[in-house]
Amino acid sequence: METDLADAHRWGNTPLSEARMSGNNKLIKLLEEAKSNQVSEFPNSSQETIDKVRWRKCTVFQSHPWDPKDRTKHGIVLWVPETIEELIKTAAQQLEFPYGSCILSEDAGKILDVDLISDGQKLYLIS
């Protein structure tokens, strides 16, 4: 399992996000407790320092690459926020695309949770 977690982290996922994706509730609880214990070991660290450790960025485009009419539009690089709703709202504002209603992955999967987003991932805002 140690190798699997190392591979997951290398590809932009944390062990906790991997546990959430797999739906392993026991592992999720264990990792959340470990994270909480680790934070308490560094009482002088600010919340901002702790938050920066988990920052991920993504590039959001206004349409999916399978849509041939919009292939020339540029995307926007954003920090992944805490909720998918925040990501949709921010991306829609920055791309001046008020009709954004969901985020898709490159393989056209609807992303429902920001923990499923890897650092540096390309995403697509669609209506």
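This is a short chat about the predicted model shown above.

Reader: Anything I should know before I start?
Author: It's a predicted model, so local features need pLDDT of at least 70 and side-chain atom pairs count only at pLDDT 80 or more, while totals for chains, interfaces and linings use all residues. Residues are numbered from 1 along each chain as its sequence is written, and side-chain values use heavy atoms, with hydrogens and water left out.

Reader: OK, how many helices and strands are there in the chain?
Author: Five helices and five strands. Those are DSSP runs, numbered from the N terminus: helices are H or I with at least four residues, strands are E with at least two. Along the sequence the pattern reads α-α-α-α-β-β-α-β-β-β.

Reader: And what share of the residues is buried?
Author: 34% of the 127 residues. Buried means under 20% relative accessible area (1.4 Å probe, protein chains only), exposed is over 50%, and partly exposed is in between.

Reader: Which residues are buried in helix H2?
Author: Leu 16, Ser 17 and Ala 19, in a helix that covers residues 15-22. They sit on the same side of H2, because they cover an arc of only 160° around the axis. That arc is taken from the directions from the helix axis to the C-beta atoms.

Reader: New topic: which residues form the aromatic pair?
Author: Phe 61 and Tyr 124, stacked at 5.5 Å centre to centre with 20° between the planes. Rings of Phe, Tyr and Trp (its six-membered ring) pair if their centres lie within 6.5 Å; planes under 30 degrees apart are stacked, over 60 edge-to-face, the rest tilted.

Reader: What does that pair tie together?
Author: Phe 61 is in strand E1 and Tyr 124 in strand E5, so the pair ties together parts 63 residues apart in sequence.
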